[in-house]
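Open the model in your viewer and keep the selection tool at hand. The tour has two stops, a helix pair and a sheet.

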Amino acid sequence: MLCRLAVVNTSSPCAESSPPAKRSARPSPLARKLAQLGLRCPEDFVVHLPFRYEDETRVVSVSSLRPGMNAQIEGHVIGCQVDFRPRRQLRAQVADDTGLLNLRWLNFYASQRKQLTPGRLLRVRGEVRGGFSGLEMVHPRIGRADSPLAESLTPVYATMQGLAQPALRRLIDDALQRVDLSDTLPLAIRQRYELLPFDQAIKFLHHPPPSVSYDELVEHEHPAWRRIKFDELLAQQLALAAARARRRAQHARPLCGAGDLAERLERSLPFSLTPAQARVVAEIRGDLERDYPMLRLLQGDVGCGKTVVAALAAARAIDAGAQVAIMAPTEILAEQHFRKLADWLEPLDVRVAWLTGSQRVGDRRSNLRDVASGDAQLVVGTQALIQDGVEFADLGLVILDEQHRFGVDQRLRLSRKGEMGALPDALIPHQLHMSATPIPRSLAMTFFADLDISVIDQLPPGRHPVITKLVAEPRRDEVIARIMAEVRRGRQAYWVCPLVEESEALQLQTAVDTQASLAAALPDLRVGLVHGRLPAAEKNETMRRFQAGGIDVLVATTVIEVGVDVPNASLMVVEHAERFGLAQLHQLRGRVGRGTAQSACVLMYQAPLSKVARERLRAMYETSDGFEIARRDLEQRGPGEFLGVRQSGEALFRFANFETDGRLVESARDAARELSAAYPEWVGAHLRRWARGREDFLRS
Ligand code: ADP
Ligand code: MG
């Protein structure tokens with residue numbers, strides 16, 4: 001299959017026959033533009049499909065024109081003049097037997113003016129507008145009236161400045177001529193799923209006949225579109241299956257120690273596991289005993305108790321003689337995990353080490369030595385864990401907390417850290433990802449089919465649901481009084497400052513000001529402050545004091561958004577809640593209600609609210625179920641934004657729509673199984689056509 005950077009020659013974008021001299025080492029400006037559009041080789045051009053069409057197959061009468069129409073007429077030029085008021089512009093009038101149409105150009109060439117010689121018969125095409133003196137077209141395209149009419153609708157492609165439609169059309173038509181369009185699906189599959197042949201579908205979409213239903217075309221509902229969307233979804237499923245097969249073919253060390261460290265840890269806990277936690281612990285245990293790497297996503301709402309599950313998995317791995325790394329997205333969370341895990345595990349003689357970017361060089365060096373020698377059995381840290389220079393003696397299990405906060409590349413680096421020995425016999429560490437942002441199951445199946453999923457669907461006993469209050473900004477004083485009452489009862493509160501998107505400096509300033517004003521309003525209380533720009537030591541010290549009850553009210557930016565666990569805190573105030581996303585608000589609310597006290601979350605907002613903001617706050621008010629919140633979030637934002645580019649990589653579909661094409665997703669999943677089982681020799685060709693360049697994402 002030819003796949004080379006598109007070369008400049010417009011008539012043969014990347015033909016094998018291009019003379020070598022034309023291929024320069026540096027891509028030309030045109031090739032760069034094409035690459036930005038994702039057009040790198042002829043196969044890419046073939047699947048660069050129109051997003052709308054123009055009808056140049058017929059000429060209509062002037063009297064049938066209506067504002068908003070895209071139309072083509074033929075008429076004689078009646079007049080043509082250059083105006084200077086209100087601005088310089090070229091104006092012309094054309095007429096057919098039925099009426100007169102005004103034409104206008106704000107920029108024009110002398111040659112255009114010459115074409116508009118009165119008396120001449122012209123073909124004029126453009127969008128009709130209701131103008132000052134009757135209907136007009138601004139910047140219409142004009143041509144000779146005797147040229148043949150188009151036989152099919154004219155495609156309009158996504159393009160960019162400096163690459164005009166006609167040029168792009170030529171490149172695409174050229175690719176359609178030279179690329180092998182033969183089918184990648186056997187006839188039996190096409191028949192079972194009622195699919196058009198690929199070449200027929202693709203040619204149809206580039207050049208549909210004028211008789212087609214325009215709505216079916218642009219809404220992606222035509223059978224030709226169905227074939228394309230099916231192919232795309234199928235490729236996704238096949239690629240994920242391939243990723244799974246690759247993982248099964250990898251080697252990992254089975255982690256089944258003879259000791260009883262995990263049991264001893266469980267006995268030493270001040271609580272017993274919920275049935276949901278116990279089930280998940282058993283699932284992970286089963287995975288760890290296998291000789292290929294685990295890749296499991298542990299989902300569970302905020303506060304359901306994922307950390308202890310991670311600790312028990314770690315204990316099992318350590319018992320089997322392996323090292324375990326736990327990585328958290330923020331320093332605050334990493335430090336909290338470190339303290340908690342050390343509390344739990346050090347009494348059982350496990351050596352726990354700590355690695356972050358902000359550590360003193362000396363400390364870091366000695367910790368690195370412990371990690372490299374294997375003395376440190378459990379290593380807790382931030383992204384610093386995957387930096388170069390961190391060597392593990394025998395890394396057997398990697399745990400990623402709040403995995404949605406990490407990018408695909410970070411996750412990849414983490415899993416490569418543990419590859420020992422020469423491929424293909426390298427040992428890959430087992431991986432456990434944890435997330436409180438639940439991904440609806442259907443979405444997870446589509447995007448993460450290679451992950452096994454465990455769900456904790458139960459909160460520890462004795463928890464009361466957090467009461468959510470929506471309070472308009474002018475009632476700020478009542479909120480402050482509420483803090484006072486809460487602290488008198490021996491509880492603590494968070495006050496989260498608004499996001500200021502325009503400027504981080506402004507955001508910090510707001511936090512500093514808020515602390516000052518709250519301290520003034522609540523002179524008897526200890527009001528602390530934590531934000532991202534504080535030195536790590538200071539941040540950690542503040543968090544420790546809040547944890548220990550030495551601070552009553554913690555003013556914070558979103559640095560406390562994920563993971564922070566202070567069960568005595570029972571009040572969460574979020575200022576300008578309308579500026580936060582749904583998932584974020586749910587995470588923030590999850591910082592309270594972690595103990596047995598009745599907790600509340602006050603969402604302060606500034607009126608007037610936009611429609612979306614109102615929907616979001618309503619969702620927060622109506623439900624506290626993380627899965628339901630995720631469902632609504634997905635509904636409001638669509639899967640692309642919901643998963644975030646960082647998580648979904650390039651995997652989002654170009655043509656299929658995850659929400660409206662649910663049935664097609666199911667069919668594609670079935671077809672993927674069938675194709676792999678009955679026609680394995682076809683799989684490669686299909687993947688080459690549709691899934692080029694995404695392999696790396698799929699491996700993560
Ligand atoms: P998350 O799932 O949000 O990471 P954590 O692991 O931080 O939740 O747990 C929240 C709180 O619940 C912690 O204080 C933890 O010690 C406590 N916890 C966890 N499991 C149980 C349980 N089975 N019974 C009682 N409390 C528990
Ligand atoms: Mg957590």
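Begin by selecting residues 275-288, which form helix 10, and residues 306-319, which form helix 11; in this predicted model their axes come within 10 Å and cross at roughly 30 degrees. Since angles under 35 degrees count as roughly parallel, helix 10 is therefore roughly parallel to helix 11. The crossing of the two helices is right-handed.

Next, show the side chains where the helices meet. On helix 10, select Gln277, Val280, Val281, Ile284, Arg285 and Leu288. Facing them on helix 11, the contact is made by Val308, Val309, Leu312, Ala313 and Arg316. Coloured by class, this contact shows 8 nonpolar, 1 polar and 2 charged residues.

Now move to the sheet. Select strands 16, 21, 20, 17, 19 and 18: in that order they make up an open sheet of 6 strands with parallel pairing. Which strands stand at the edges? They are strand 16 (467-472) and strand 18 (527-530); each has a single partner strand, so one side of each is left without a neighbour in the sheet. Looking across the sheet, neighbouring strands are turned by 20 degrees against each other on average, direction ignored.

Finish inside this sheet, with strand 20 (residues 569-574) and strand 21 (residues 600-605). The two run parallel and are joined by 4 bridges. To find one bridge partner pair, select Met572 and then Cys601 in strand 21.

Technical notes. Residues are numbered from 1 along each chain as its sequence is written. Chains are lettered from A and ligands numbered from 1 in the order in which they are written. This is a predicted model: local features need pLDDT of at least 70, side-chain atom pairs count only at pLDDT 80 or more; totals for chains, interfaces and linings use all residues. Side-chain values use heavy atoms; hydrogens and water are left out. Axes are lines fitted to C-alpha atoms, for helices over the stretch in contact, and angles run from 0 to 180 degrees between N-to-C directions. Angles under 35 degrees count as roughly parallel, over 145 as roughly antiparallel, 65 to 115 as roughly perpendicular and the rest as oblique. A crossing is left-handed if the near helix is turned anticlockwise from the far one by less than a right angle, and right-handed if clockwise. Contact means heavy atoms within 4.5 Å. Ala, Val, Leu, Ile, Met, Phe, Trp, Tyr, Cys and Pro count as nonpolar, Asp, Glu, Lys and Arg as charged, and the others, Gly among them, as polar. Two strands pair if DSSP finds at least two bridges between them.
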